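Thanks for making time for this one. I would like to walk through one sheet and one pocket, so please have the structure open in front of you.

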Amino acid sequence: MGSSVVRSPLGLLAGKITGNPSPSDHKSPIFIRIRQVYPNHRVVAPVFATLLEDRGGKDNNSSGGMVNNTPSLELPMILEDTAFEVSPRDSPLLPKPLSSSRSSVSVHEGSRLRVAYQGVRGAYSESAADKAYPNCEAVPCEQFDTAFEAVESWLVDRAVLPIENSLGGSIHRNYDLLLRHSLHIVGEVKLAVRHCLLANHGVKVQDLTRVLSHPQALAQCENTLTKLGLVREAMDDTAGAAKFVASNKLKDAGAVASAAAATIYDLNILAKDIHDECDNVTRFLMLAREPIIPGIEKPFKTSIVFSLEEGPGILFKALSCFAMRQINLTKIESRPLRTHLVRASDFCNNRVPRYFDSIFYVDFETSMADQRAQNALRNLKEFATFLRVLGSYPVDTTMI
């Protein structure tokens with residue numbers, strides 16, 4: 001990957017979002033003005049948000065210039081009053097994956113789109129990044145956290161990270177990071193996973209006593225590896241396992257990884273498609289600093305996260321907001337609400353303390369440009385204690 005890296009022209013980023021609801025739930029979308037500290041830039045976009053009580057401030061709407069005496073709308077964490085700065089130093093091309101301590105790399109004007117992924121070269125995440133952004137400059141990161149931080153710090157333009165696998169289920173770490181960070185989902189990529197058994201040249205299957213790979217990859221190839229009688233050894237990622245076998249010239253160990261990793265690290269493919277199930281697909285999210293404007297000209301998906309008070313039928317009530325509007329849910333995931341593990345009021349009121357408050361991640365097959373989705377979220381906000389739109393983005397209908 002050959003382009004020099006210099007300082008990106010970047011100033012402070014700050015934002016505030018305000019607006020007025022339309023007189024009717026069934027009329028035109030709500031427009032809110034996003035003010036940012038970009039030179040000579042102002043964005044006015046249809047963004048649909050949560051309903052909050054007016055705090056007494058005044059604002060002009062985009063059409064009538066009327067005083068804001070009705071409840072205002074806000075989209076939590078779309079933009080925060082946060083400053084990002086990049087050190088004005090030049091840096092060579094990345095010789096190794098980004099880590100949290102390596103933060104001196106920024107984007108060269110006119111260069112290809114820089115896309116962060118977790119792992120090393122040859123990882124399935126790199127293939128997903130190439131599919132999401134053809135001809136991009138894929139930037140490897142050591143951890144998922146590092147990829148999020150790289151986008152927020154303007155070291156890269158986008159991130160492509162896995163969120164769920166058809167066999168292994170959800171990647172919970174990335175769900176937690178979506179809530180912790182303020183990035184937006186701007187797309188998704190579905191990638192067919194095809195595991196191969198790799199080894200150094202001259203090594204045969206009968207020479208192997210152990211195999212290295214990511215724990216999920218090892219689990220997905222359980223039947224094949226059991227028949228071969230190989231001891232499993234877990235590593236951080238599939239391509240990293242292939243790199244380790246090649247760099248150490250191991251004769252007794254193989255790796256479960258992609259065919260691309262075999263090419264990159266000059267390994268021999270002893271067996272292809274060794275996974276137990278043929279329908280092995282991983283869904284990746286495309287993340288950016290700014291949301292995209294949702295449309296209705298093609299299939300869209302919307303991802304949200306919300307929390308609820310405890311009570312009989314409260315989750316049923318929340319899901320009914322979508323069911324009564326014929327909105328199909330494709331995913332619901334609950335995660336512990338780690339910031340409020342125990343409530344002091346529970347002790348004061350002689351109630352059993354609540355150690356297991358949860359938040360819910362939901363994907364539904366409707367664009368936020370659709371009036372039904374706007375109405376559903378207005379309805380949900382009436383009793384949700386927290387609601388955030390993570391993104392409204394095109395559905396990936398392809399498969400490679």
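Let me start at a single position: Cys196 stands opposite Ala257 in β14. That pair belongs to β11 (residues 196–199) and β14 (residues 253–257), which run antiparallel to each other over three bridges; strands here are DSSP runs of E of at least two residues, helices are runs of H or I of at least four, both numbered from the N terminus, and two strands pair if DSSP finds at least two bridges between them.

Before going on, this is a predicted model, in which local features need pLDDT of at least 70 and side-chain atom pairs count only at pLDDT 80 or more, while totals for chains, interfaces and linings use all residues. Residues are numbered from 1 along each chain as its sequence is written, and side-chain values use heavy atoms, with hydrogens and water left out.

The wider sheet is open and mixed, with five strands in the order β13-β12-β14-β11-β15. Because β13 (231–234) and β15 (268–272) stand at the edges with a single partner strand each, one side of each has no neighbour in the sheet.

Helix α6 (residues 238–247) lies across β11, β12 (210–213) and β14, at about 155 degrees to β14; contact means heavy atoms within 4.5 Å, and axes are lines fitted to C-alpha atoms, for helices over the stretch in contact, with angles from 0 to 180 degrees between N-to-C directions.
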